[in-house]
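Got your viewer open? Let's take a walk through this one, stop by stop, with something to select at each.

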Amino acid sequence: MSKTLRIIPFKILIRSLILLGFVLISLLPFQSYSQISQDCDEVIVRLFIEGLRDSEVSSIICESKTYISINELFAITKVKLSLINDDASIVEGFISSPEDVYIIDTEQQEIIFRDNRYALGEDDVNLSQGNLYLSLERLDAVFKFESSFIYRELAIVTKSAIELPAMKEARILERRLNLNKITNTVYVGDTLARRERPWIEFGALTYAVNTSQVINGNSFNRFQVSTGGQLLGGDLAANFVSNAQTPLTLRNFSATYKYVDNSDTNFKQFSLGNVGTNSIATNFAPLIGGQITNRSTQLRNTFEYYNLTEYTEPFWTVELYINDVLVDYTEADATGLFSFSIPVVYGRTNVDLRFFGRFGEEQTQERFINVPFSFLPPKEFEYQITAGTFAEETGSVFSQVRGSYGATRFLTLNAGTEYVKTRGNISFYPFLSTNLKIKNNLIFSSEYALGVRFKSTINYFSTSNFNIQANYTELDENQTVVFQGANRQLDATVAFPLRYKFIQGFSRFRFDYRSNRNGNYSTNTQYIYNGKIFGLSSNLTTSILKNANANALYRLRGFTTFEIYNGFLMSPEILYEISQNKINYARVRIRKNLYGRGLLDFSYTREFFSNSNLFSLGLRWDFNFARTGANIAISEDLVTLGQNISGGLLFNNYDNHLSFDKNITLNRANLVFKPFLDLNDNDIKDDDEPVVVGLGGKLNKGRNGNQMPNGDLQFNSLEPYIDYYVELNTDNTESVAYKLKYDSYNITLSPNKITTIEVPVKISGEVAGYVFRSKNGTQQPFSRIKINILDEKFNTVATVLSEYDGYFSYLGLLSGNYSARVDNEQLQKIFFSTKSPVINFTIDNSKYGDILDNLEFYLNPKEPQFDLYETIVKYFTF
């Protein structure tokens with residue numbers, strides 16, 4: 001029997017040879033080009049950098065060292081990095097500026113940074129797949145990091161002494177976010193705490209007493225008391241001022257009832273009693289009447305900037321708050337001069353300035369800055385109606401109707417009428433005004449009142465802190481409602497930073513012009529420099545005073561402050577009359593902080609024109625319940641003594657508690673959270689349920705709460721009528737098992753009141769265990785495996801990942817039945833299976849929670865889906 005020779009087709013032959021080549025190659029041992037030791041593992045870890053969000057980064061973990069990927073670390077921190085070699089053996093770049101250059105050269109075994117050379121040891125670096133890994137020790141030593149590796153958490157925690165580019169961006173972004181917080185950004189909390197509107201309720205009271213006595217002379221006594229509370233669903237505030245030297249009149253009393261409802265479209269605010277208005281006429285007496293408007297108390301979007309310059313104590317830190325949001329801060333110079341660029345918003349701008357001394361002194365002043373630019377969003381209309389009578393002026397009448405309309409984003413039109421009847425004179429005049437944004441950072445405002453006045457303002461502010469502002473006012477010759485000495489007024493200011501070698505500071509030119517109907521005029525030209533000269537904080541003011549009937553008067557004023565010994569501050573000051581070549585006066589002031597509660601203040605002044613001397617000595621001491629002070633002033637033939645005390649009290653209607661405090665401020669709101677352990681899970685504090693100490697929280701307005709020893713979380717001196725969003729946490733409570741039912745709240749606060757909210761704290765349990773895999777006949781830990789925690793209704797409560805040693809855990813389970821399940825989708829992707837994918841368990845929380853830590857999952861690799869023998873037979877069958 002003859003055999004037939006089967007000829008293999010060429011196509012099948014080629015395919016078979018290719019397959020045979022792959023099989024032979026797969027049997028050959030591979031050579032690894034990685035320099036990673038066999039005792040090391042390349043894993044992904046969590047990276048926590050102070051000032052930045054946490055992220056993931058590649059690392060190499062050895063027995064004694066931990067390495068971090070420089071490529072990924074610098075990408076996260078936005079540090080410039082360039083590869084010189086494709087294998088990342090040489091990299092270069094700069095940290096924060098092109099002059100801040102670094103080079104990491106593994107071939108030359110060195111790092112060059114800031115003109116310094118650092119040697120690299122053999123165990124300082126690793127190379128793997130185009131990544132350069134640097135040991136944490138070498139990273140800290142060269143690039144000024146402080147790093148630690150937490151093995152159990154597979155995390156690297158680090159911070160940098162150098163402000164990295166990403167940190168700078170984060171800082172700038174935070175400032176911009178704070179600016180955004182003064183807008184109507186909506187934050188939705190877990191629950192809503194509704195504002196209470198009681199019929200009647202007492203709230204706060206403040207007082208201040210100032211007395212002075214002249215030896216063998218007269219005395220002066222002044223007393224002031226202010227109070228506030230709730231009445232008929234609104235807010236009532238009253239004030240009384242007494243001066244022993246003058247008789248009591250209606251001017252000594254004031255009271256205002258205010259009702260606010262920002263949810264009402266047409267009537268958002270109503271005031272009755274002593275009301276204020278932006279009147280054109282000059283009013284010396286308080287206005288008693290009513291006011292209604294649809295203007296919201298909430299601040300609107302930021303529009304542009306307006307420059308504010310004022311004075312405080314030398315070298316004090318000044319914080320700028322808008323709607324209780326910290327927007328910016330600065331330090332006053334040697335004369336106490338400081339300046340801010342205030343964001344101009346749609347509508348009224350309410351500004352808080354808070355002052356902090358070098359030794360713990362603190363003052364808070366609420367300023368209602370009259371920004372001359374008031375814009376409205378396009379197609380929005382706003383009105384205000386005011387009417388009343390002037391105190392102690394029989395038959396007097398005042399009324400004003402004012403309306404504003406946002407024509408475009410850059411143009412707002414205002415119009416209205418004003419009627420004034422006082423001392424037998426009647427005046428009625430309409431007025432018009434416009435606010436216009438001409439171009440970026442250039443805003444123009446003008447106003448014309450028929451037969452009364454014309455005024456205009458222009459403001460330019462650049463990003464380089466160069467500011468120009470000019471104001472012009474001209475009164476009609478026949479007007480009788482505006483009382484001021486000058487018929488024409490012009491003031492202009494140019495401010496800019498000054499940076500040159502040994503001079504680092506800020507300069508400001510100011511020009512004031514005044515003229516009256518008789519043709520007389522006066523000018524005041526000033527140049528002010530405040531900053532450092534040769535490292536010494538200094539202030540120099542040069543002024544030229546000129547009027548039509550006298551020669552020009554030239555003056556130079558110098559002032560500085562420095563420490564002389566152990567906290568004693570000396571502030572010398574001199575005023576020199578240049579035109580007369582004489583010293584007007586010289587003064588020296590010495591201050592010393594006393595234990596953070598008091599201040600000792602001494603000053604000596606020499607008046608050269610009057611050839612006299614003045615000595616003064618003062619002592620201020622702050623108790624918890626009041627601020628007190630005493631002083632003595634001695635001149636040539638006069639000795640004056642002075643005393644003062646101020647403080648306040650606040651009534652808490654929640655527990656009928658009356659507290660005395662030196663920092664109570666009227667017409668501000670106070671918020672208190674009272675956490676308690678909700679043992680019976682009814683969300684109501686029962687008598688047998690204890691308080692929880694350590695509750696933390698912060699407002700969306702940028703302020704952290706004060707944690708009190710009794711467990712209360714307090715927010716004091718807040719802006720009323722504002723929608724607040726509060727985030728709470730239990731990070732500092734005594735047990736990690738304590739969790740909140742509501743982590744965040746939305747709330748609107750009333751003034752002169754402590755709003756108290758009970759916070760139920762739930763007890764939570766923890767479930768934990770391990771994940772193992774079968775490898776080489778043994779059970780080994782399996783990391784990065786997803787474990788889903790489900791409740792008895794099969795809702796997913798949480799998803800956790802197993803760690804480097806196979807351990808997983810989750811804390812936050814209320815009492816009940818649960819199940820833990822290995823993620824089936826992940827198992828399919830990694831070709832593993834398990835015989836017990838579900839473990840049921842029960843959490844039964846006691847006062848300190850419940851811990852179940854005996855769960856174990858065992859995973860096995862699936863059988864290969866690829867049969868090499870069958871494939872070869874199939875392809876080589878003739």
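In which sense do strand S19 (residues 287-293) and strand S26 (residues 381-390) pair, and over how many bridges? Select both and follow the backbones: S19 and S26 pair in the antiparallel sense, over 7 bridges. Keep in mind as you go that this is a predicted model.

**Stop 1: along S26**

Start with Gly290, and look across to Ala387 in S26, which stands opposite. Now add strand S27 (residues 397-408) to your selection. S26 pairs with S27 as well, again in the antiparallel sense, with 8 bridges. For a marker on this side, pick Gly388, which has Phe398 of S27 opposite.

Next, follow the chain from S26 round into S27. This hairpin has 6 residues between the strands. Click on Glu392 there and check its backbone: phi is positive, near 65°.

**Stop 2: a glutamine in a loop**

Jump to Gln479, in the loop between strand S32 (467-475) and strand S33 (488-500). Is Gln479 buried or exposed? Its relative accessible area is 8%, so Gln479 counts as buried, the cut-off for buried being under 20%.

What lies around it? Show the side chain of Gln479 and the backbone nitrogen of Val481: a polar atom of that side chain is 3.0 Å from the nitrogen. Then display Gly451, Val452 and Arg517, which Gln479 touches when residues up to four places away in sequence are not counted.

**Stop 3: a nonpolar patch**

Switch on the surface and select Leu600, Phe602, Phe615, Leu617, Leu619 and Ile634. Together these form a nonpolar patch on the surface, with about 480 Å² of accessible area. Which strands each supply at least two of the patch residues? Color strand S41 (598-607) and strand S42 (612-622) and you have them. S42 gives the most, with 3 residues.

Zoom in on Leu619, which sits in S42. Leu619 has 43% relative accessibility, so it counts as partly exposed. While you have the strands in view, a general point helps: in a regular strand, side chains alternate between the two faces of the sheet.

**Last stop: zoom out**

Show the whole chain and color by secondary structure. You'll find 6 helices and 62 strands. Of the 878 residues in the chain, 42% are buried. Among contacts with a separation of 6 or more, 50% are between residues 24 or more positions apart. Finally, bring the full surface back: the accessible surface comes to about 47500 Å², and 54% of it belongs to carbon and sulfur atoms.

Technical notes
Residues are numbered from 1 along each chain as its sequence is written. This is a predicted model: local features need pLDDT of at least 70, side-chain atom pairs count only at pLDDT 80 or more; totals for chains, interfaces and linings use all residues. Side-chain values use heavy atoms; hydrogens and water are left out. Patches are made of residues with over 30% relative accessible area and no salt bridge: like charges are joined within 9 Å, nonpolar side chains (Val, Leu, Ile, Met, Phe, Trp, Tyr) within 5 Å. Accessible areas come from the Shrake-Rupley method with a 1.4 Å probe; for residues, only the protein chains shown count as cover. A salt bridge is a side-chain nitrogen of Lys or Arg within 4 Å of a carboxyl oxygen of Asp or Glu. Helices (H or I, at least four residues) and strands (E, at least two) are DSSP runs, numbered from the N terminus. Buried means under 20% relative accessible area, exposed over 50%, partly exposed in between (1.4 Å probe, protein chains only). Two strands pair if DSSP finds at least two bridges between them. A polar contact is a pair of N or O atoms within 3.5 Å; within protein, one must be able to donate a hydrogen and the other to accept it, and residues adjacent in sequence count only if both atoms are side-chain atoms. Contact means heavy atoms within 4.5 Å.
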